[in-house]
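Here is a short tour for anyone who likes to read a fold from its side chains outward. Please keep the viewer open and follow along.

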Amino acid sequence: MGRGRVEMKRIENKINRQVTFSKRRNGLLKKAYELSVLCDAEVALIIFSSRGKLYEFGSVGLERTIERYNRCYNCTLSNNKPEETTQSWCQEVTKLKSKYESLVRTNRNLLGEDLGEMGVKELQALERQLEAALTATRQRKTQVMMEEMEDLRKKERQLGDINKQLKIKFETEGHAFKTFQDLWANSAASVAGDPNNSEYPVEPSHPISLDCNTEPFLQIGFQQHYYVQGEGSSVSKSNVAGETNFVQGWVL
């Protein structure tokens, strides 16, 4: 009597499940070894039990087989990658082109161009959009103007404070200067009124006229001297001409 067909489902009995795992694991490792020897194939086998225990087999070394697998897998991805990249870029270009055309059409509609192909609903939507944009623009303009006015008020208050400080400082310094000027005038008056005080003589303040004509002049010939008769003098007022015998060389 032959063995019956095993139903392919999880074995609920823990002991039976462990026994079955051990038998089939050993059989799988044996088949892998036989395949590598009989067919001269490079075989690698990795098994993890339900408890996490590792069982492995490699006909030429497990690490060497895994490295070979990674090289082959990466090479396959590299060969397939250019086609996928080109296809994705074409799709992206198509999307961007359609989006650009839509934006250009919307911009022309906002400027009042190409409105002939638009229906009533589209025109109403465009009108609402323009009204909303106009309202937002006016609100922003009002806000900016209010902010600028507030800044100007702040600057006005700051300049007013600075003006007050300068006025107070000017009045203080002017009062001190006036006091010093009065003190100086009183001191000068007291010195001028004391005839015995010769340490600080006071000069008269009347103006003195001076002849400032210092232009050069040329005198040729003779010189005239005027003498005025003084009191008790026997010399009468006369015009005496003192002639000289010296003649310039350029006259000869």
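Which residues form a nonpolar patch on the surface? They are I46, F48, L54 and I66, which together have about 370 Å² of accessible area. A patch is built here from residues with over 30% relative accessible area and no salt bridge, joining like charges within 9 Å and nonpolar side chains (Val, Leu, Ile, Met, Phe, Trp, Tyr) within 5 Å. The areas follow the Shrake-Rupley method with a 1.4 Å probe, and for residues only the protein chains shown count as cover.

A word on the model itself: it is predicted, so local features need pLDDT of at least 70 and side-chain atom pairs count only at pLDDT 80 or more, while totals for chains, interfaces and linings use all residues. Residues are numbered from 1 along each chain as its sequence is written, and side-chain values use heavy atoms, with hydrogens and water left out.

**The hairpin and the patch**

Strand β1 (residues 44-48) and β2 run antiparallel and are joined by five bridges; two strands pair if DSSP finds at least two bridges between them. One of the partnerships is that of I47 with Y55 in β2. The two strands form a hairpin with five residues between them, and G52 in the turn has a positive phi of about 90°.

In a regular strand the side chains alternate between the two faces of the sheet. Strand β2 (residues 54-58) shows this: Y55 and F57 point to one face and are buried, whereas L54, E56 and G58 point to the other and are not. Buried means under 20% relative accessible area, exposed means over 50%, and partly exposed lies in between (1.4 Å probe, protein chains only). L54 is also a member of the nonpolar patch. Another member, I66, is found in helix α2 (residues 62-110) and is partly exposed at a relative accessible area of 35%. Helices (H or I, at least four residues) and strands (E, at least two) are DSSP runs, numbered from the N terminus.

**A loop residue and two cysteines**

D40 is found in the loop between α1 (14-39) and β1. Most residues other than glycine have a negative phi, and most peptide bonds are trans. D40 has a positive phi of about 55° although it is not a glycine, and D40 is exposed, with a relative accessible area of 72%.

What about the cysteines? C39 is exposed at 52% relative accessibility, and C90 is partly exposed at 47%. The structure holds zero disulfides (a disulfide being a pair of cysteine sulfur atoms within 2.5 Å).

**Charged pairs**

How many salt bridges does a search of the whole structure find? There are five, with a salt bridge taken as a side-chain nitrogen of Lys or Arg within 4 Å of a carboxyl oxygen of Asp or Glu. The table gives some of them.

| Salt bridge | Closest N to O |
|---|---|
| E12 and R10 | 3.4 Å |
| E150 and R153 | 3.6 Å |
| E150 and R157 | 4.0 Å |

E12 and R10 are both exposed. E150, R153 and R157 are linked in a network of salt bridges. E150 and R153 are separated by about one helical turn because they are three residues apart in helix α3 (residues 120-193). The network members are partly exposed: E150 at 34% relative accessibility, R153 at 36% and R157 at 46%.
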